[in-house]
Every structure is written in C-alpha cells, then in structure tokens.
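The following exercises concern one protein chain. Each task is followed by a solution that proceeds step by step.

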Amino acid sequence: MEKRIVKIKKAPVELYKILKFENLASSGGEAKFMIVDGFVKVNKSIETRKRKKIYPGDTIETGGFVLEIQLQE
C-alpha cells in the first residue's frame, strides 16, 4: 500500500471530499458510491457514512492507498 500524507487547513473535513480532492475518486458522486459500497476504511474499520467527519490523526484506506490526515500549520 502506498502511504500519503494529507494536510488539511481546517478540521473536520467530510470523508467524500478528501477522496475527491486526493484524486482517488473522479467526482464527489463517485466518492460517495465508493464509501456506501464498503470500499473505504477509516481508522481500519469499514466506513459507510459519506459525510463522516475526518480529523487530524485519522487514517483512510482505499484502492491501495493509506492517507494520513494532518493539520496544515
């Protein structure tokens, strides 16, 4: 799995937005389908809530990528 650091300017951020902005989904709609269909893990648990709030320190896994969320300073 490829690991990426994702820096966010403010917290929380909705899960589907992170997938879209990191180009793991081509649109917000595609990101929502990925989440609802069970292809996304947050902190090692399958997450099916599209608007799940993501905070610094969380990890997101999907499509062979692990995203570590950090607050941009």
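Is Glu 68 buried, exposed or partly exposed? At 22% relative accessibility, Glu 68 counts as partly exposed. Here buried means under 20% relative accessible area, exposed means over 50%, and partly exposed lies in between, with a 1.4 Å probe and protein chains only.

The structure is a predicted model, in which local features need pLDDT of at least 70, side-chain atom pairs count only at pLDDT 80 or more, and totals for chains, interfaces and linings use all residues. Residues are numbered from 1 along each chain as its sequence is written, and side-chain values use heavy atoms, with hydrogens and water left out.

**Exercise 1. Describe the secondary structure and the overall dimensions.**

Step 1. The protein contains seven strands and two helices. These elements are DSSP runs numbered from the N terminus: helices are H or I with at least four residues, and strands are E with at least two.

Step 2. In sequence order, the elements give the pattern β-β-α-α-β-β-β-β-β.

Step 3. For 73 residues, a compact globule would have a radius of gyration near 11 Å, and the protein, with 11 Å, agrees with this. The radius is taken over C-alpha atoms, and the globule rule is 2.2 Å times the number of residues to the power 0.38.

Step 4. The C-alpha trace spans about 35 × 25 × 20 Å along the principal axes.

**Exercise 2. Characterise burial, contacts and surface.**

Step 1. Of the 73 residues, 37% count as buried.

Step 2. Consider contacts between residues at least 6 apart in sequence: 50% of them join residues at least 24 apart. A contact means heavy atoms within 4.5 Å.

Step 3. The accessible surface comes to about 4600 Å², and carbon and sulfur atoms account for 50% of this area. The areas come from the Shrake-Rupley method with a 1.4 Å probe; for residues, only the protein chains shown count as cover.

**Exercise 3. Examine the charges and identify which parts of the chain the salt bridges connect.**

Step 1. There are 15 positive and 10 negative side chains, and the centres of the two sets lie 5 Å apart. Lys and Arg count as positive and Asp and Glu as negative, while His and the chain ends are not counted. Each charge is placed at NZ of Lys, CZ of Arg, CG of Asp or CD of Glu.

Step 2. A search of the whole structure yields six salt bridges. A salt bridge is a side-chain nitrogen of Lys or Arg within 4 Å of a carboxyl oxygen of Asp or Glu.

Step 3. One of them joins Lys 3 and Glu 68, at 2.8 Å from N to O. Lys 3 belongs to strand S1 (residues 2-8) and Glu 68 to strand S7 (residues 65-71), so this pair ties together parts 65 residues apart in sequence. Lys 3 counts as exposed, at 57% relative accessibility.

Step 4. Arg 51 and Glu 14 also meet in a salt bridge, at 3.0 Å from N to O. Arg 51 lies in the loop between strand S4 (45-46) and strand S5 (53-54), and Glu 14 in strand S2 (residues 13-14), so the pair ties together parts 37 residues apart in sequence. Arg 51 is partly exposed at 47% relative accessibility, whereas Glu 14 is buried at 12%.

Step 5. Glu 14 forms a further salt bridge with Lys 53, and the closest N and O atoms are 3.4 Å apart. This pair links distant parts of the chain, with Glu 14 in strand S2 and Lys 53 in strand S5, 39 residues apart. Lys 53 is partly exposed, with a relative accessible area of 36%.

Step 6. Glu 14, Lys 17, Arg 51 and Lys 53 are linked in a network of salt bridges.

**Exercise 4. Locate the backbone features that depart from the general pattern.**

Step 1. Most residues other than glycine have a negative phi, and most peptide bonds are trans.

Step 2. The peptide bond from Ala 11 to Pro 12 is cis, with omega near 0°. Pro 12 is placed in the loop between S1 and S2.

Step 3. Asn 23, a residue other than glycine, has a positive phi near 60°. Asn 23 sits in the loop between helix H1 (15-21) and helix H2 (28-36), and is exposed with a relative accessible area of 67%.

Step 4. Lys 44 is not a glycine, yet has a positive phi of about 70°. Lys 44 is in the loop between strand S3 (41-42) and S4, and counts as exposed at 67% relative accessibility.
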